[in-house]
Amino acid sequence: MSELENENMDMDLDLKESRIYEVGYHLAPILSEETVPREVAEIMAVIQKNKGILVSEEMPKLIPLAYDLTKIIAGHKHKFEKAYFGWIKFEADPPAIIAIQQELMPKENIVRFLIVK
């Protein structure tokens, strides 16, 4: 078997094996503290809907940002100096990550997010 065939086989195996990922996110500071858990529950629901298994999490805390972030919410441009920052660690198959990203992107109350392996 050639080296290229071995590489392709390894890539196929990688797509079938679950991995641990972490999504870090900033929620808009215009949310009330009472609504933040509901937003986190929506992020978790997206992960679980895509067959992700939750491992651990840290509830968001309001923090000052290193630089201002802008986001259009309900048709208006908002500039944020603070945001609620939290993270969720989960196990999922690699193809599920694309679906999770696509579902999180349009959510207006998520100012920014990043999924890392």
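Me: Which residues of helix 3 are exposed, and what makes them earn that word?

Reply: In this predicted model, I98 and Q102 are the exposed residues on the other side of helix 3 from its buried ones. The word needs a relative accessible area of over 50%, so I98 and Q102 are both above that cut-off.

Me: And which residues of helix 3 are buried?

Reply: Helix 3 spans residues 94–104, and its buried residues are P94, A96, I97, I100 and L104.

Me: What makes you say that they line one face of the helix?

Reply: Look down the axis of helix 3: the buried residues fall within an arc of 130°, so they line one face. A general rule helps here: an α-helix has 3.6 residues a turn, so residues three or four places apart point the same way.

Me: Now to a loop. Where is T35, and why is it called buried?

Reply: T35 sits in the loop between strand 1 (19–27) and helix 2 (36–49). Its relative accessible area is 18%, and buried means under 20%, so T35 counts as buried.

Me: What makes the link between T35 and S32 a polar contact?

Reply: The side chain of T35 reaches the backbone oxygen of S32 at 2.9 Å. The limit for a polar contact is 3.5 Å, so this pair is within it.

Me: How many residues are in the largest nonpolar core, and which have the most contacts inside it?

Reply: That core has 22 residues, and V23, L27, I43 and F90 have the most contacts inside it. Strand 1, helix 2, strand 3 (76–92), helix 3 and strand 4 (110–116) each give it at least two residues. Helix 2 supplies the largest share, six residues. Another core, of seven residues, lies apart from it, and includes A28, I73, F80 and V111.

Me: What does L27 touch beyond four places in sequence?

Reply: Among its partners are V36, V40, I43, P60, Y84 and I110. To be called a contact, heavy atoms must come within 4.5 Å.

Me: How do you know which part of the model the predictor is less sure of, and what is the pLDDT there?

Reply: pLDDT is the predictor's confidence, from 0 to 100, and it stays under 50 over residues 4–13. For that stretch the model has two contacts beyond four places in sequence. The chain averages a pLDDT of 88, with 86% of the residues scoring at least 70.

Methods
Residues are numbered from 1 along each chain as its sequence is written. This is a predicted model: local features need pLDDT of at least 70, side-chain atom pairs count only at pLDDT 80 or more; totals for chains, interfaces and linings use all residues. Side-chain values use heavy atoms; hydrogens and water are left out. Buried means under 20% relative accessible area, exposed over 50%, partly exposed in between (1.4 Å probe, protein chains only). Helices (H or I, at least four residues) and strands (E, at least two) are DSSP runs, numbered from the N terminus. The arc is that of the directions from the helix axis to the C-beta atoms. A polar contact is a pair of N or O atoms within 3.5 Å; within protein, one must be able to donate a hydrogen and the other to accept it, and residues adjacent in sequence count only if both atoms are side-chain atoms. A nonpolar core is a set of buried Ala, Val, Leu, Ile, Met, Phe, Trp, Tyr and Cys residues joined through side-chain atoms within 4.5 Å.
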